[in-house]
Each structure stands twice: as structure tokens, then as C-alpha cells.
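Me: Please take me closely through one loop of this model, and then set it beside the other parts of the backbone that deserve the same careful reading. I would like one connected account, with every term given its cut-offs.

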Amino acid sequence: MKRYDLMMKGGFVAMVMAAVPGAGQAAEGRTYYGFQAEQFEYRLGDENEKRLVWDADAFWGTDELKLRWQGEGERDLDADINEGFENRLVLQTPISDFFDAKAGIRLDTPTGTDRWYGTVGIMGLAPQWIEVDADLFVSETGDGSARLDLEYEGLITNRVILTPSIELNAAFSEDREIEVGTGISSAEIGLRLSYDLIDRSVAPYIGVSYERKFGDTADFAKEDGEDFEATYIVTGLRLMF
Amino acid sequence: MKQRIVLRALLGALGTVMLSATSFAATYDLTVDYVEIDTGTMKTGGIGYNGSSPGPTLRFKEGEDVVINVTNNLDEATSTHWHGLILPYQMDGVPGISFPGIEPGETFTYRIPVSQSGTYWFHSHSGFQEPDGAYGSIIIEPQKREPFKFDREYVVVLKDKHPHSGERILRNLKMMPDYYNRNQRSLGDFIMDVRKNGLGATLSERADWGAMRMMPTDIEDVQGFVGLINGMSPEQNWTGLFHPEERVRLRFINASAMTYFDVRIPGLEMTVVQADGNNVQPVKVDEFRIAVAETYDVIVQPKDDKAYAIMAESMGRSGYGFGTLAPHEGMRAEMPELRKEAPLLTMADMGMNHGDMGHGDMGKGDMAGMDHGAAPSDNPAMGNAAMDHGSGGSMPGMDHSGMAGMDHSNMTAMDHSKMAGMDHSNMAGMDHSAMAMGNRADPFYAAGSGLTPKAANGGKFLSYADLKAQKPLYADRPATREIELRLTGNMERYSWSINGVKYEDAEPIRLKYGERVRFKFVNETMMSHPMHLHGMWSILDTGQGKWNPVKHTININPGTTVYSETEVDEPGQWAFHCHLSYHMATGMFRKVVVEGGPAVATLKNGN
Amino acid sequence: MPSFKKSLIRHIAASTVLLSTFAGMQAPAFAGAGHSGGHGGAATDIGAPGQLSDVRRTIRIVMEDNFFDQEKIIVRAGETVRFMIENKGEFVHEFNIGTAAMHADHQKEMFMMMEHGALEADKINMAMMEMDMGNGMTMKHDDPNSVLLEPGQSAEVIWTFPKDTELEFACNVPGHYESGMMGKIRLQ
């Protein structure tokens with residue numbers, strides 16, 4: 001079973017990689033690339049938990065077709081384990097003036113159970129300048145889930161930026177192995193104040209972040225002796241190259 | 001003995017015949033090099049000609065055949081385009097259209113029969129070499145005496161040199177379109193607006209812009225540059241000397257990548273005598289806005305024994321160029337008060353663009369009725385097309401702060417044209433004492449536009465409507481057909497196009513040799529675009545009929561429609577594009593193919 | 001202006017018209033945008049229209065685009081000079097004797113003329129010039145110290161110079177003065 005899975009995943013990735021250069025040639029447009037880390041921070045929790053968290057992405061491609069890597073993770077610095085370690089590889093293409101559609105794969109390899117997912121989603125800019133990233137996932141175990149990321153950049157000055165953000169996760173079916181219950185499984189809200197130190201390349205920030213698990217997901221956490229909610233003070237760097 | 005005399009006579013005759021047959025051919029050598037650009041406050045690597053940026057000033061003579069050898073000392077291909085020059089298309093210097101380009105180490109020989117006079121410039125047409133510093137000026141001396149007198153002259157070339165390379169700037173703009181905009185509205189502006197207009201009005205105004213996902217501060221895409229005059233920063237203070245009472249000719253060239261400059265010399269009136277190399281009927285102004293790639297020649301006559309400041313503030317007020325006109329060496333003019341407050345676009349600048357910025361497909365045929373630009377006047381006696389009889393003065397800016405949720409979908413009936421239906425047959429009896437001179441709304445800006453320029457000293461600001469050809473280059477005749485070019489783009493994606501289609505996806509524009517084509521530029525974006533047609537003149541329709549000015553670069557402001565006509569009299573193929581470097585690079589570009597006309601000899605490298 | 005001078009002007013105007021040679025058909029127009037109150041007023045003595053019989057010297061002036069063929073004229077104080085002016089250019093030009101300040105004022109007037117269509121780059125619309133703009137003001141050029149010529153036209157100005165005033169001869173068509181279409185008159 002595992003070997004079959006690997007072949008499938010490998011084949012999918014290969015397809016993705018092959019498609020991009022071909023598409024690039026057809027369009028004959030310029031290729032662009034970039035890297036950014038929206039979050040790269042140290043978190044100190046209300047019960048002295050210490051975490052290292054990141055949320056970064058990089059892309060390469062033309063206006064019509066891009067290959068994008070998105071990576072998220074959370075490292076428990078006390079226990080020295082990766083609570084979360086996600087990597088996504090998607091192909092992205094415009095579907096409207098302000099939105100792109102994307103599709104690809106996601107691989108979770110935290111300390112614990114690994115999971116593969118297929119993913120489709122959209123990302124873009126909604127009215128009133130709200131940045132949206134919405135995805136649907138289907139795991140190798142056949143479980144479906146969804147995630148919605150919203151962010152807004154408020155200019156206190158032209159260099160000091162206040163960014164509220166919210167992330168919502170929902171699962172359509174239970175996946176006990178990775179401790180996810182049906183319904184809204186978790187949410188995270190954050191408020192970060194950053195300062196553009198070097199152009200838009202390096203912007204240090206401080207902020208707060210509140211995480212919470214809901215419903216069955218919260219119960220699973222409690223059973224394991226873990227907290228189902230936590231508040232953190234965060235400090236980190238926004239990067240863009 | 002007799003034979004020798006006859007032979008000598010024959011040789012002499014032959015020599016004379018040969019000399020008169022060849023016209024004077026001057027040869028110039030240019031090298032394209034990597035250079036260091038040091039503006040005092042900023043040191044950056046760049047590209048220049050003959051070891052420096054800006055490159056040299058080339059002087060040609062009208063009527064001569066010029067030979068220019070361009071040697072490429074870079075690691076990448078280069079090209080040299082002679083902006084505004086009429087020449088065989090293979091000499092126009094656009095890779096992929098005129099020729100394949102000049103490879104590293106290669107030398108390309110340009111041969112140009114010079115058939116015009118005036119101020120022009122040259123620059124690379126490869127990659128982002130021009131924003132990186134590859135530009136220089138051209139002065140072509142006329143055969144006949146020019147219709148104005150001057151005692152000395154200076155080239156004044158303006159540039160917006162940025163510490164980042166052009167390649168890097170575009171990559172950043174693609175990641176974040178407002179990467180270089182530090183003039184955005186912040187909390188402080190919000191609070192000030194609330195104090196002025198109330199919370200409700202301010203919230204709804206912000207919501208209007210937010211609904212469109214557009215910013216009224218979106219005037220200068222690339223801020224953070226150092227304004228240069230002849231390659232020198234304000235600190236370095238380029239200085240031109242004069243003797244009081246002399247007439248000085250200043251040849252202004254805007255060689256910027258992205259920036260429009262508002263040029264003034266406090267204390268001196270400027271008489272505009274040339275635009276884009278062609279003589280215009282002289283116009284006295286206090287200030288003028290020079291779009292990217294345009295040139296304006298002005299005559300000033302400093303009378304006092306003091307230093308005058310040449311001020312070039314960028315249109316979005318994020319930077320400026322500064323230089324001095326002085327009677328003695330070592331002087332520095334007093335810096336006039338800078339106008340730091342950046343203009344804000346208004347809903348009027350939105351014009352035809354109502355949220356569906358997309359790839360320009362408005363799909364609303366009823367938009368055709370909207371004409372914000374200067375429609376051609378039927379009454380030649382109108383002269384200056386900018387007469388506003390309504391308020392007797394400049395049109396007060398429209399206050400949109402209270403305009404909640406304006407529905408732009410039904411703008412069919414709105415006609416912003418100032419020219420239509422105006423009856424001037426009854427001009428007698430009009431009391432003009434109240435009509436302040438120089439205070440009329442500029443018809444080349446949308447009515448109520450936030451970009452409408454005002455002279456710093458309250459005086460006269462040059463408008464396209466003031467430009468009249470001193471001597472028309474072509475007989476005035478009706479156009480044989482009209483081609484509409486919608487200027488389109490998507491700021492969020494930083495993707496710019498014409499008719500919603502990028503260059504790489506577009507069919508060339510095909511013109512017939514001998515026709516007179518009328519281009520209708522409809523600006524569906526919120527930015528000003530300087531459109532440049534290579535190889536053939538653009539006769540800008542300012543409503544003056546046969547006196548319409550002849551230009552090579554035409555600026556179209558947001559929400560306006562501008563017309564220009566071209567006599568298609570140069571065979572071959574030509575580039576036609578927005579001269580804002582990063583708009584051109586992302587797709588606001590077309591190839592123009594001229595079908596028919598005399599067979600053009602294959603001119604290879606120098607042969 | 002006293003009435004006898006008015007009739008004198010009309011006399012001069014009439015004789016000048018008679019004396020003109022022209023390639024064009026229209027009578028030349030005179031500078032002065034209609035105020036019979038006289039520019040320059042009583043303060044500055046710019047001289048006066050002269051009599052043909054007092055003419056000691058004739059100076060030919062050629063108008064081109066946009067300059068005069070001379071940049072300086074030297075005359076004797078009190079001398080009566082006959083100027084024979086020919087427009088060899090393709091545009092309308094003026095020849096006007098006065099002080100720099102008068103020329104500056106006149107430039108404003110000529111700008112208005114152009115705005116109203118009375119004056120175009122290469123022609124004069126006589127009908128519009130004579131139109132009553134209200135308050136009895138017209139744009140008619142009817143002063144003796146200047147002539148306004150279309151391309152190809154010629155005219156004469158006979159002028160008796162004052163003793164001591166800084167005078168210039170100029171073309172006040174918009175932009176021409178700044179382009180250099182003016183010159184100094186030196187009184188010896």
C-alpha cells in the first residue's frame with residue numbers, strides 16, 4: 001500500500017514539475033520569483049510555553065502560471081519536537097482580477113503521524129483590502145478538511161503596520177490519528193505590529209496570538225493532557241526577498 | 001604633355017563630382033559599459049555610455065548622414081534607440097522589431113540620414129538598461145535659422161535614479177504592487193479626514209476606494225529615487241552659467257524610467273519654443289509638467305545678477321531634481337519651498353474604470369459615449385481649447401467624500417467633454433475682466449482630476465491645449481481610419497496591457513503605407529501613460545486643426561480619451577508602447593507593421 | 001486725447017493706407033486694442049507720429065519668423081524716421097515702437113486677441129477685431145506707432161522720436177517678444 005501511495009504522489013509531483021516549464025514556454029512571458037515569510041517568530045505562552053513558528057512561501061512562474069511552495073510550522077522549543085510541520089506545493093493561476101486558483105499537494109510531517117493531502121483553493125484580495133487564502137484538503141485517509149486565512153494590513157504610518165489575522169480550520173470527518181474532530185477544529189487569531197526596517201524586506205514585529213481548539217478536537221487534546229487553548233506574546237521578523 | 005594636362009583635368013573633374021555626390025557623414029563611437037553612479041547620497045552600479053551615465057550629448061546636423069558605432073561591453077545584449085528620430089526601421093534599435101540586438105563584444109553600426117532638427121535623446125531598449133542609466137541626449141542643429149533667439153544653451157536631462165536595479169524593482173512590484181509607495185493613507189490621514197468631514201463621510205469614502213481595491217495615492221509606482229539633473233543630485237547641484245540679460249535656451253529632456261516632473265524656475269518665466277523636437281508657437285509659462293520621454297525647449301532671460309533654481313518636483317511629490325542657473329561659478333540657488341503634499345486621485349480619475357479593472361474587457365458598449373478628453377474643435381477661432389465659461393475660472397475639485405456607494409455602472413449619459421455643443425457665435429458683449437488668465441481647467445485632465453497641475457506661484461501652467469505647431473509638418477487632411485487603443489492594466493497583479501491584451505499575446509497593429517490613421521487612446525486605468533510611437537510622428541489633436549502640435553510621445557491622463565493622428569509614411573515595423581519602463585515590460589506594448597510602401601533595402605550591420 | 005490729435009491720427013492713418021504697398025489685399029491693422037486713451041499715458045514721451053515732409057531717414061525693417069532682421073536702431077533725438085516694414089515670414093507679426101512696459105501691456109492685449117480668434121498665427125480676422133466687446137471696447141489696432149502685418153504684407157510707420165526715452169521696437173504677438181523679436185532704439 002505504501003509503495004503504491006509513494007508512486008502516486010511521486011507521479012503527481014512529476015506531472016506538476018513537467019507542466020510548469022511547458023506552460024512557461026507557451027506563454028513566452030517573463031518569469032518572476034519571490035520568497036516571503038509572513039511569520040517567523042518566537043512565541044512565549046501564558047503558561048510559559050516556548051514556540052518557534054513560521055509561515056512562509058515562495059513562488060516561481062509567469063503571470064499565467066506559477067509554482068508556489070507554502071510552508072507552515074510550529075516547533076515546541078521545550079520538548080524539542082515539531083508540533084506542526086506542513087509543506088504545500090501548488091500550481092497557481094489567475095481566475096479573476098483579484099483571485100487565483102491553486103491546486104496541488106500538502107505533506108504534513110510533524111513529530112508523530114505523517115499525512116498527505118491533495119488540495120485545491122483560492123487566494124487573493126477581497127474588497128476592503130482583506131487578504132484571503134482558502135483551501136480544501138483531502139487526506140490520504142479520505143478525510144476532508146478546510147482552512148480559511150484572512151489578513152488585513154492597517155497602516156498606522158507608512159512604515160508601522162498593524163496586522164490582524166484569523167485562521168480557521170474545519171474538518172468534515174474525524175481523523176483520530178492526528179487528533180482532529182469534526183466541525184470547526186481550531187482557530188487562531190493574531191494581532192501583529194510591524195515596522196518596515198529595510199524596504200519591505202525585513203520588518204520586525206511584536207504581537208499577540210490566541211489559539212484554540214474546539215469540540216472533539218479540544219477533547220482529544222484534553223485526553224492527551226494538553227491544553228486546548230493558549231495565548232502567546234510573539235516577536236519575529238516579516239521577510240520578503 | 002597634353003595628355004598629362006587632360007588627365008589631370010579629368011581627375012580633377014571626377015574628384016569634384018565625387019565630393020558633391022557624397023553628403024557630409026559624421027562618425028560617432030559609443031561604448032555601452034557598466035558604470036558606477038554616485039549621487040552623493042547614493043552609490044549604485046548602473047549602465048552608461050562611454051563610461052558614464054548619462055551618456056554624452058551627440059550633436060548632429062540636419063541633412064547629414066550620421067554613422068554611429070555602438071560597441072557592447074556588457075555581459076548581456078544591448079541596443080540603442082534614437083528617441084524621436086525619423087530613420088530606416090532597421091536603425092531604430094528595438095530588439096525583435098528592428099534588429100536582433102547587439103551581443104556582448106559586438107559593434108553595430110547605425111547609419112542615420114538626419115532629416116530633422118531639435119532636441120532628442122537616446123537610450124537602450126534592452127532589459128532595464130535604461131532605468132539603470134543607459135541614456136544620453138541628442139542635439140540636431142537646423143539648416144535654417146530657428147524662429148527664436150538665444151545666446152547660450154544647455155541640455156537639462158532629468159532622471160529618476162533608484163538604488164535598486166530595474167530588474168529588482170519589477171520583481172518587487174510583482175510581489176507587492178505598492179512595494180515602493182510610502183505615500184499611502186495611514187491612520188493619521190484618517191483622523192484628519194474625520195476631523196474635516198466627519199466619521200460617516202470618511203468611512204464611506206474609504207469604503208468606496210476599498211470596494212474597488214484601489215488607492216487614491218496610486219500616482220507614483222516607484223518612489224525612493226534620487227532626482228537627477230544631468231546626472232547630478234540636488235546636493236551635487238548641476239549649474240549652468242549665464243550673463244544677465246542673455247537669452248538662455250534650456251533643452252529639457254525627461255529620461256526617467258517612471259517619473260513625471262513639474263519643472264519651474266522661480267523668478268523666471270519660461271517661453272516654450274519646442275516640444276518633442278518640433279517648434280511650437282511660443283508660449284509663456286511659469287511651470288510645465290514633462291512626461292516620461294518628452295522634451296521641451298524653453299527660452300529664459302535671467303536679468304538679475306543672482307542664482308536661479310531649476311526645480312523639478314515629481315508629479316507625486318516623492319522626489320525632486322534641483323539645479324542652478326548662476327552668473328558666476330560656485331553659486332547655489334536658494335532651494336524654494338518644496339510642495340511636499342502629494343496629490344490624491346479622485347473619483348474623476350476613475351473615469352471608465354469601475355472596479356472591473358481586469359484585462360480591460362469592460363463589455364459595456366455604452367461606455368463609448370464618454371469622452372473626457374479634448375474633442376476636436378470645429379471652430380478654428382477657438383484657439384485655446386481650454387476655455388471654461390462655467391465657473392469663470394478653474395473647475396473646483398469635486399468633493400466625493402460624501403459620495404457613498406457611487407454606482408458607476410450607469411455612466412452612459414455622462415458627457416465630460418468641454419467642447420461639445422459650445423456655441424461661440426455670440427462672443428460679443430462678454431465681459432472678460434473677470435476671466436483670470438491662466439486659470440482655466442486643463443481639458444487633458446478629467447474634470448475634477450486630482451492630478452490637475454497648478455503652478456507653484458499661482459501663474460500659468462502649460463497644458464497640451466497651449467501647444468500649437470509653429471509650422472505644420474503635414475497638410476491637414478481627414479484621417480482615413482480610426483484605431484482605438486484602450487490603455488488597460490491590473491495594478492494588483494502589476495500587469496499592464498493594451499485592449500486587455502499583453503504584448504506577447506497580441507497581434508501586431510497593421511497600418512497601410514500612405515494612410516492617415518487616427519489613434520483613439522482611452523485610458524481605463526488610474527495612471528498617466530506616455531505613449532510613444534517609434535519612427536513616425538504623432539499629431540496630437542488639441543483642437544487646433546492644422547496647428548495641432550507634432551510630437552513623438554503623448555501623455556494620456558487617467559479617465560481621459562486623447563486622439564492623435566499619424567501619417568503612415570515610413571515603411572517597416574515599429575514599436576509602440578507606454579514609456580513607463582515597468583508598464584512596457586509587463587505588456588503595454590505593440591508592434592506596428594506598415595504594409596506597402598517602397599521596398600526597404602535589407603540593411604545589415606552597417607551595410 | 002484732444003480732438004485735433006485724433007484727426008491728425010486719422011490723417012496719418014489715411015496717408016499710411018495710401019502709401020502702403022502690399023502683396024496682400026487687406027489693409028494693415030494698427031496696434032492698440034481699442035483704447036483711445038493712449039497707452040503710456042502722459043508720463044512717458046515716446047515721440048509722436050511724424051510728417052512725411054520731415055522725414056530725413058528711411059529704415060527698412062524685415063519681419064521673419066520670429067525675428068526682425070535688425071536688433072538695434074540708432075536714431076537722433078527728435079529725428080523723424082520713415083520705417084518701411086515688410087513681413088517676409090509665414091506668420092502675423094507686429095512692429096511696435098514703445099517702452100518695454102508698454103510692450104508688456106500690449107502683449108497681454110494681443111494674447112486676448114488670440115484667445116478670441118481675432119488673431120491667428122498666420123492671419124488677422126478683421127471682423128472679429130472690430131467687434132464691440134462691450135463697454136465700447138474693440139480689438140482694432142488703430143495706433144500710429146505700430147503696424148500688424150499678415151505674411152506678405154508691407155506697411156510704413158513715420159515717427160518723430162523724443163529727446164530721451166528708453167525705447168524698443170517689438171513684435172507683441174504672443175511669444176514672439178520672448179523668442180527675441182525685439183530690438184533696442186538708441187537715441188543719440
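Reply: Pro54(B) is found in the loop between strand E2 (43–49) and strand E3 (57–61) of chain B, where strands (E, at least two residues) and helices (H or I, at least four residues) are DSSP runs numbered from the N terminus. The peptide bond that joins Ser53(B) to Pro54(B) is cis, with omega at about 0 degrees. This is a predicted model, in which local features need pLDDT of at least 70 and side-chain atom pairs count only at pLDDT 80 or more, while totals for chains, interfaces and linings use all residues. Residues are numbered from 1 along each chain as its sequence is written, and chains are lettered from A and ligands numbered from 1 in the order in which they are written.

As background, most residues other than glycine have a negative phi, and most peptide bonds are trans. A cis bond is also found in chain C, between Asp65(C) and Asn66(C), with omega at about -15 degrees; Asn66(C) sits in the loop between strand E3 (57–64) and strand E4 (67–68) of chain C.

Chain A offers positive phi values instead. Glu179(A), which is not a glycine, has a positive phi of about 60 degrees and lies in the loop between strand E10 (160–171) and strand E11 (183–195) of chain A. Glu179(A) counts as buried because it has 20 C-beta neighbours inside 10 Å; a residue is buried if 20 or more other C-beta atoms lie within 10 Å of its own, exposed if 12 or fewer, and partly exposed in between, with C-beta atoms placed from the backbone. Asp199(A), also a residue other than glycine, has a positive phi near 45 degrees and belongs to the loop between E11 and strand E12 (202–213) of chain A. With 15 other C-beta atoms within 10 Å, Asp199(A) is partly exposed.

Ser173(A) is found in the loop between E10 and E11 of chain A, and it is partly exposed, with 13 other C-beta atoms within 10 Å. Once the neighbours within four places in sequence are left aside, Ser173(A) is in contact with Asp143(A), Gly144(A) and Thr182(A), contact being a pair of residues whose C-beta atoms, placed from the backbone, lie within 7 Å. Thr235(A), by comparison, is 62 residues from Ser173(A) in sequence and 35 Å from it in space, C-alpha to C-alpha.

Chain A as a whole has 2 helices and 13 strands, and buried residues make up 25% of its 241 residues. Where chain A touches chain B, 18 residues of A are in contact with 22 residues of B. The A side of that interface has 9 nonpolar, 5 polar and 4 charged residues, with Ala, Val, Leu, Ile, Met, Phe, Trp, Tyr, Cys and Pro counted as nonpolar, Asp, Glu, Lys and Arg as charged, and the others, Gly among them, as polar.

Returning to chain B, strand E19 (residues 320–326) has 7 of its 7 residues buried, so it is largely enclosed by the rest of the structure. Tyr320(B), Phe322(B), Thr324(B) and Ala326(B) point one way from E19(B), and Gly321(B), Gly323(B) and Leu325(B) point the other way. Strand E11 (residues 238–241) of chain B runs parallel to E19(B) and is joined to it by 4 bridges, two strands being paired if DSSP finds at least two bridges between them; Thr239(B) has Thr324(B) as its bridge partner in E19(B). Strand E18 (residues 308–314) of chain B runs antiparallel to E19(B), with 6 bridges between them, and here Ile310(B) has Gly323(B) as its bridge partner. E18(B) and E19(B) form a hairpin with 5 residues between them, and Arg317(B) in the turn has a positive phi of about 60 degrees.

Chain B also contains an open sheet of 6 strands in the order E10-E9-E12-E17-E14-E15, with mixed pairing. Its edge strands, each of which pairs on one side only, are strand E10 (226–229) and strand E15 (278–285). At the E15(B) edge, strand E14 (residues 270–275) of chain B runs antiparallel to E15(B) and is joined to it by 5 bridges, with Val283(B) in E15(B) as the bridge partner of Val272(B).

Notes: Contact = placed C-beta atoms within 7 Å.
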